[in-house]
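Thank you all for making time this morning. I would like to walk you slowly through one structure, so please have the sequence and the view open in front of you.

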Amino acid sequence: MIDLHTHTLISDGCLLPSELARRAAVAGYEALAITDHADDSNIDFVLKSLKKVSRELGKNLGLRIVPGVELTHIPPAEIARMVKKARRLGAAIVVGHGETLAEPVAPGTNTAFITSRVDILAHPGLITEEDTRLAKKNSVHLEITTRRGHSLSNGHVALMAKTCGAKLVLNTDAHGPSDLVSDEAAERIAMGSGLGKNDFSKIQKNARELLKKIKY
């Protein structure tokens, strides 16, 4: 499993980075991105903390750990600035908190994150065809998620991605130990979104290709 969207108690998760990483390693994970929620109030602290522990944890566990952020509930007009700030502060992966059906995310958030070229647009809800085509053009990966609530629109996201040729990744958005999943469980969730086995293989390939581009 390559999971590029998870959280620790640095934001709203319930595990220390070391415990999340340990549990992922025992679960057979290949790579893990820790992407705690961030906005202007905490982004410096989040990235300083995650960068400090990620490389050493990964070395000890035989697991690639990538420090990043999920920019969350950022006003659309501020998103471009915050994406640049996250990268300047050393985020190896930047996830945008998309227009999920489960939360009151500001309209225009999906477009702003895609325009700003985040790595992943998480749980993008009822993403439009226009935004999906822009995601393909800007190499922004759309997320199929295992997270309750956010997963309500997985079928729509999968359909839009297949229709428009945008790349998908599958992440857990883990906040606790029970959220981590096996490859088998991830494949079942992908198939529940209307995707097939070949599509799941492409999802795994997309995640590996994205990891290769990440310099950390």
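Let me begin with Asp173, which counts as buried, at 2% relative accessibility. Before going further I should say that this is a predicted model, so please hear everything that follows as computed from that model. Asp173 is found in the loop between strand E7, residues 168–171, and helix H7, residues 183–192, and although Asp173 is not a glycine, it has a positive phi of about 55°.

There is another residue to set beside it, namely His73, whose phi is near 55°, again a positive value in a residue other than glycine. Is His73 buried or partly exposed? With a relative accessible area of 39%, His73 is partly exposed, whereas Asp173 is buried at 2%. As for its place in the chain, His73 lies in the loop between strand E3, residues 64–71, and helix H3, residues 79–88.

That brings us to strand E3 itself, where 7 of the 8 residues are buried, so that the strand is largely enclosed by the rest of the structure. Strand E2, residues 31–38, pairs with E3 in the parallel sense over 8 bridges, and within that pairing Ala31 stands opposite Arg64 of E3. E2, H2 and E3 together make a right-handed β-α-β unit. E3 also pairs with strand E4, residues 93–97, once more in the parallel sense, here over 4 bridges, with Val69 standing opposite Val94 in E4. Between E3 and E4 the chain crosses through H3, and this β-α-β crossover is right-handed as well.

Now to the interior. In soluble globular proteins, nonpolar side chains tend to be buried together. The largest nonpolar core here has 52 residues, and those that touch the most other members are Tyr29, Leu32, Ile43, Val69, Leu71, Leu142 and Leu168. Which helix gives the most to this core? The answer is helix H2, residues 43–61, which gives 5 residues. Apart from this core lies another, of 15 residues, among them Leu4, Ala31, Val95 and Val169.

I would like to finish on Leu71, one of the residues just named for touching the most other members of the largest core. If we leave aside its neighbours within four places in sequence, Leu71 is in contact with Ala38, Ile43, Met82, Val83, Val94, Val95, Gly96, His97 and Phe113. Thank you, and I am happy to go back to any part of this.

Note on methods:
Residues are numbered from 1 along each chain as its sequence is written. This is a predicted model: local features need pLDDT of at least 70, side-chain atom pairs count only at pLDDT 80 or more; totals for chains, interfaces and linings use all residues. Side-chain values use heavy atoms; hydrogens and water are left out. A nonpolar core is a set of buried Ala, Val, Leu, Ile, Met, Phe, Trp, Tyr and Cys residues joined through side-chain atoms within 4.5 Å. Buried means under 20% relative accessible area, exposed over 50%, partly exposed in between (1.4 Å probe, protein chains only). Helices (H or I, at least four residues) and strands (E, at least two) are DSSP runs, numbered from the N terminus. Contact means heavy atoms within 4.5 Å. Two strands pair if DSSP finds at least two bridges between them. A crossover is right-handed if, with the strands pointing away from the viewer, the path from the first strand over the helix to the second runs clockwise.
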